[in-house]
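Student: Let us go through this model together. Please keep the answers short.

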Amino acid sequence: MQRCAFAPGKVILTGEYAVVFGYRGVAIPATIGIKVVFEEDSSFESVHIAWEGTECSEIGLKYVETIVSRVVRCNERGELRGKLTIHSDIPLGKGMGSSTALVIAVVRALCSGARDVALKIEDELNPGHSGIDFETIWGGVPVLFKKGEDPGPVVLPPHLLSGAVLIDTGFPSDSTPELVEWVRSREGEIGGALKTIGNCTERLVDGEPYAAIVRDHHKAQVALGVVPQGVQDLIAEIEAGGGSAKVIGAGSRTGGAGMVLAIGNRERINSLADKRDMSVISI
Ligand code: MEV
């Protein structure tokens with residue numbers, strides 16, 4: 001028996017952190033994602049993990065081992081034996097939902113009827129999450145998300161992201177659960193920024209031009225403290241040239257901030273990224 005599964009990455013258009021506090025957010029699945037193939041083979045003692053495609057760190061491999069061990073625990077059919085091959089086109093740990101996509105793709109490949117199992121594992125491995133990554137990646141369609149409710153469909157203007165790119169600003173130095181916990185601990189002082197981010201979702205749903213929304217969204221993310229100085233400088237230069245940009249996902253306090261979504265003059269954005277040795281992918 002061989003089972004193939006796929007889970008896309010995700011791009012949050014509006015709502016980072018605000019969704020944790022009950023505001024609405026909008027996210028879309030990425031066109032790239034993670035493919036997992038499980039070849040059942042009783043000659044194996046357990047599940048052997050093989051990685052193809054993007055480089056996999058020791059941490060990434062350990063993370064997949066943890067997911068597999070949780071699935072084995074939930075598996076009603078008994079032990080799982082065989083080869084599990086992972087192929088990822090999304091960069092790991094850069095705000096594109098790789099950790100949730102790994103959970104979903106691995107669970108889908110190893111067991112059917114998997115939503116509950118996947119969500120349980122996501123809750124364990126990504127404590128404090130709002131559910132926006134899970135719902136977007138599980139459903140594979142754009143979602144209007146509100147914590148604790150079924151995600152709704154969202155109609156977005158057809159050329160919303162035409163010409164947009166993702167700039168890889170490097171690895172965040174904090175994990176998403178750590179950042180969510182840190183932001184939570186400062187709820188009193190960052191209430192205004194959370195409200196602004198929540199309002200960005202409402203403006204997007206109301207059809208306001210996205211470029212203007214992104215500028216305000218970015219300012220609020222800076223106020224939350226999750227956009228490192230170097231990334232703020234990059235975005236300031238993009239804005240100075242008439243563009244706009246924001247971190248997608250949790251960002252970071254220091255180091256890189258994962259992927260930055262940038263809209264504007266493509267050549268100028270490419271050269272700003274180039275100057276910093278940062279790679280760019282089309283969206
Ligand atoms: C992470 O992709 C998005 C955050 O809002 C956390 C969450 O909603 O679970 C930062």
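**The ligand and its surroundings**

Student: Of the 13 residues around the ligand, which come nearest?

Tutor: This shell has 13 residues. A residue is near a molecule if one of its heavy atoms lies within 4 Å of it. The nearest are Lys10, Tyr17, His129, Ser130 and Asp133.

Student: What kind of model is this, and how are residues numbered?

Tutor: This is a predicted model, with residues numbered from 1 along each chain as its sequence is written. Local features need pLDDT of at least 70, side-chain atom pairs count only at pLDDT 80 or more, totals for chains, interfaces and linings use all residues, and side-chain values use heavy atoms, with hydrogens and water left out.

Student: How far is an oxygen atom of the ligand from an N or O atom in the side chain of Ser130?

Tutor: A polar contact is a pair of N or O atoms within 3.5 Å; within protein, one must be able to donate a hydrogen and the other to accept it, and residues adjacent in sequence count only if both atoms are side-chain atoms. Lys10 places a polar side-chain atom 2.8 Å from a ligand oxygen. For the side chain of Asp133, the distance to a ligand oxygen is 3.0 Å. For the side chain of Ser130, it is 2.6 Å.

Student: How much of the ligand's area does the protein bury?

Tutor: Accessible areas come from the Shrake-Rupley method with a 1.4 Å probe; for residues, only the protein chains shown count as cover. Taken alone, the ligand exposes 300 Å². The protein buries 96% of that.

Student: Which elements give two or more residues to the shell around the ligand?

Tutor: Helices (H or I, at least four residues) and strands (E, at least two) are DSSP runs, numbered from the N terminus. One strand and one helix qualify, the helix spanning 132-139. They are E1 and H4.

Student: How many residues of the shell are nonpolar?

Tutor: Ala, Val, Leu, Ile, Met, Phe, Trp, Tyr, Cys and Pro count as nonpolar, Asp, Glu, Lys and Arg as charged, and the others, Gly among them, as polar. Three shell residues are polar and three are charged. The nonpolar ones number seven.

**Positive phi values**

Student: Is Tyr17 buried or exposed?

Tutor: Tyr17 sits in the loop between strand E1 (2-14) and strand E2 (25-40). Its phi is near 65°, a positive value in a residue other than glycine. Buried means under 20% relative accessible area, exposed over 50%, partly exposed in between (1.4 Å probe, protein chains only). At 6% relative accessibility, Tyr17 is buried.

Student: Is Asp277 buried or exposed?

Tutor: Asp277 also has a positive phi in a residue other than glycine, near 60°. Its loop runs between helix H9 (266-275) and strand E9 (280-282). With a relative accessible area of 75%, Asp277 is exposed.

**Pairs apart in sequence**

Student: How far apart in space are Glu52 and Ile86?

Tutor: Glu52 belongs to strand E3 (residues 47-53). Its relative accessible area is 44%, so Glu52 is partly exposed. Along the sequence, Glu52 and Ile86 are 34 residues apart. From C-alpha to C-alpha, they are separated by 5.9 Å.

Student: What separates the C-alpha atoms of Ser42 and Glu79?

Tutor: Ser42 is in the loop between E2 and E3. Ser42 is exposed, at 64% relative accessible area. Ser42 and Glu79 are 37 residues apart along the chain, and their C-alpha atoms are separated by 9.7 Å.

Student: How far apart in space are Glu239 and Arg215?

Tutor: Helix H8 (residues 229-240) holds Glu239. Glu239 is partly exposed, at 22%. Glu239 and Arg215 are 24 residues apart in sequence, and their C-alpha distance is 8.1 Å.
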